[in-house]
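Grab a pencil and open your viewer. Here are some exercises, each with a solution worked out step by step.

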Amino acid sequence: MPGKLKVKIVAGRHLPVMDRASDLTDAFVEVKFGNTTFKTDVYPKSLNPQWNSEWFKFEVDDEELQDEPLQITVLDHDTYSANDAIGKVYIDIDPLLYSEAATVISGWFPIYDTIHGIRGEINVVVKVDLFNDLNRFRQSSCGVKFFCTTSIPKCYRAVIIHGFVEELVVNEDPEYQWIDRIRTPRASNEARQRLISLMSGELQRKIGLKVLEMRGNAVVGYLQCFDLEGESGLVVRAIGTACTLDKLSNTSAFLPTCSSPSKEMKEIPFNEDPNPNTHSSGPSTPLKNQTYSFSPSKSYSRQSSSSDTDLSLTPKTGMGSGSAGKEGGPFKTLLRQQTQSALEQREFPFFTLTTFPPGFLVHVGGVVSARSVKLLDRIHNPDEPETRDAWWAEIRQEIKSHAKALGCHAVVGYSESTSICEEVCILSASGTAAVLNPRFLQDGTVEGCLEQRIEEASPPGCGFCHIPYDELNMPFPAHLTYCYNCRKQKVPDVLFTTIDLPVEAIVIGKGCLIQARLCRLKKKAQAEANATSISNLLPFMEYEVHTQLMNKLKLRGMNALFGLRIQITVGENMLMGLASATGVYLAALPTPGGIQIAGKTPNDGTYEQHISHMQKKINDTIAKNKELYEINPPELPEEIIGSPIPEPRQRSRLLRSQSESSDEVTELDLSHGKKDAFVLEV
């Protein structure tokens, strides 16, 4: 899709004084895109120049429009010496390349210098004219929208959510090149700034190509990160959720268009149609009337384009190459193909979204996270992305295993981060293991075993709290009780998640911010010894952060965390951990027990008094917090804190489900799902 880029330089204001003799500036502007440069006339002796230049025209390919930033450099003209730089403006052209986007950017832009900061403003008008190009082999992804928000944007309706997309671009860092020894600090900074803009554009274009190949038109929950690895290079990586979005023309579009007399229609954020048979065989329906559905049959990672290795998280599907299909019949056929393919391949979806429509989350297993410590100087080909790709694939594989151990088939609220100090890099990933409703996944792309589990309709408001894992074969020790809302299913005593609070959740009282902070000293060491000491510290840090969160949650009389984010940062001689989340009291979970001070007490009366005084203060704080956050759950006469509420039918003992025997309670169960586990004494 070739295009024409037109730029007009109108005026400048508040420029710095560059000529000490006259206390004024002889400013002119260089406009550069790709390898073409234009210049305005010099506007003599003014700090507020009025150039009103002609239109500078660049005829470029759409691939260039996506990768390259428009560079505007403001300079001071000198007759007898080199022109002095005042500052630069980088303009990203990508927002002008969508079909319904505006074709003009205009206004005042701050002129930025990497040494002196902001030095005045410049008024610029930028226009883009695109010519339609149906070349199926083109390398641009014009038209794909990017949203950083982790929920579907307000003025759009999600038709299909295709699944996870990721990409990674590597380049040599200009600050570590040999030429950096002879160039000025400003030139070095600008080389890096330009490279970062170029890499960011290239990364977005490549992710857009993957989305087009999945027949999507947008990326939601887009997270882009820069890793400054020093001599190993500069890495730009991004993850997101590929979607097909439909723009809502007016408020009437919020109402579902297909009538279904058997079900009650509700207006919900994602505006999905509750009729689950829209994609099944039968008369074709228009795109805007189709079910809001998830089709995670083709999460794109670079591995999926090569051989089907263990690291390839999601299998390849039988989709043909080419640009996006048209609405109507062919689109529906494609969806059926994806569904069939997903049934055959049994995919594992990751979603960067944190907000979902009611009924989408059937069960939430809890937070799953993985961390890995890597040495950057061990990368054989620093300029190639394969090593970093393998690292992230390894982390995602571990997250997937944790989620499966929790009896879940998807990860929602997924994010990735890094922390780099010298040659050591900590890779972190976290998300929430979940079981999704198969009616949102196209015609049963979920594994068969899940369908039986979902058959019993969970009551609204507490269904997502019910445990997805098998009670007799739990992956970790947990205290289970019967749901305080429906009294039918088991729930944990506390729930940690990285997602937003579901709209259907029944909450008592108000929520609040809960934070945990942690510092750990480490010995100064080099290379492998340093990486080993960090690896040894990480599990204990994570455990302590979770312990702090648990205690702070109990102190506020709450029992669930939402939007949990844990950051681990590494320095030369210290590791820092910060966890923040929103604490709430879910009506379905049991009331948290108090905090008990325990320890070996010397035979000293004053010490015992001190302990009892501390215990009283803690109990008073919990009572005050319950009052402050208005947490007063309804009293249950048969309630015993930390033990299950019996169902109406008679049970032999409170703590045992019917399938358990007294022998199984005491016996140590070494099976872990379908894998063998071992006991390690530390």
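**Exercise 1. Find which residues of helix α7 are buried, and what they pack against.**

Keep in mind that you're looking at a predicted model.
- Step 1: go through α7 and pick out the buried positions: Q615, I618, I622 and N625.
- Step 2: look at the spacing. An α-helix has 3.6 residues a turn, so residues three or four places apart point the same way.
- Step 3: look for the partner. The buried residues of α7 pack against α6 (527–555).
- Step 4: check the length. Helix α7 runs over residues 605–628, 24 residues in total, and its first and last C-alpha atoms are 34 Å apart, close to the 34 Å expected at 1.5 Å a residue.
- Step 5: step off the end of the helix. E630 follows α7 and has a positive phi, near 55°.

**Exercise 2. Work out whether the end-to-end distance of helix α4 agrees with its residue count.**

- Step 1: α4 covers residues 386–405, which is 20 residues.
- Step 2: multiply 1.5 Å by one less than the number of residues. That gives an expected span of 28 Å.
- Step 3: the end C-alpha atoms of α4 sit 29 Å apart, so the two values agree.
- Step 4: now see what α4 tucks away. Its buried residues are R388, D389, W391, W392, A393, I395, R396, I399, K400 and A403.
- Step 5: ask what lies over them. The cover includes strands β10 (156–171), β12 (234–247), β14 (361–375), β15 (410–421) and β16 (424–436).
- Step 6: after α4 comes G407, with a positive phi near 75°.

For a second helix to try, take α2 (residues 185–213): its 29 residues reach 42 Å from first C-alpha to last, close to the 42 Å expected. Just after α2, R215 has a positive phi of about 70°.

**Exercise 3. Explain why C486 and C483 don't count as a disulfide.**

- Step 1: find the cysteine sulfur closest to that of C486. It belongs to C483, 3.7 Å away.
- Step 2: apply the cut-off, which asks for sulfur atoms within 2.5 Å. The C486–C483 pair is therefore too far apart for a bond.
- Step 3: widen the search to the whole structure, and it turns up 0 disulfides.
- Step 4: check exposure. C486 has a relative accessible area of 15%, so it is buried. C421, at 14% relative accessibility, counts as buried too.

**Exercise 4. Describe the surroundings of E64: is it buried, exposed or partly exposed?**

- Step 1: place E64 in helix α1 (residues 62–67).
- Step 2: its relative accessibility is 32%, so E64 counts as partly exposed.
- Step 3: leave out neighbours within four places in sequence, and E64 is in contact with F33 and G34.
- Step 4: look further along the chain. E202 is 138 residues away from E64 in sequence, yet their C-alpha atoms are separated by 9.1 Å.

**Exercise 5. Say how many cavities of 30 Å³ or more the structure holds, and what lines the largest.**

- Step 1: the count comes to 6.
- Step 2: the largest cavity has a volume of about 70 Å³.
- Step 3: its lining is made of T354, T355, F356, P357, L361, D500, L501, P502, V503 and E504.
- Step 4: sort those lining residues by type, and you get 6 nonpolar, 2 polar and 2 charged.

Note on methods:
Residues are numbered from 1 along each chain as its sequence is written. This is a predicted model: local features need pLDDT of at least 70, side-chain atom pairs count only at pLDDT 80 or more; totals for chains, interfaces and linings use all residues. Side-chain values use heavy atoms; hydrogens and water are left out. Helices (H or I, at least four residues) and strands (E, at least two) are DSSP runs, numbered from the N terminus. Buried means under 20% relative accessible area, exposed over 50%, partly exposed in between (1.4 Å probe, protein chains only). Contact means heavy atoms within 4.5 Å. On a 1 Å grid over the protein atoms alone, a cavity is a set of points where a 1.4 Å probe fits but cannot get out, and a pocket is an open set with protein on both sides within 12 Å along at least five of seven lines; lining residues have an atom within 4 Å of a point. Grid points are joined across faces, edges and corners, and a volume is the space filled by probe spheres set on the points. Ala, Val, Leu, Ile, Met, Phe, Trp, Tyr, Cys and Pro count as nonpolar, Asp, Glu, Lys and Arg as charged, and the others, Gly among them, as polar.
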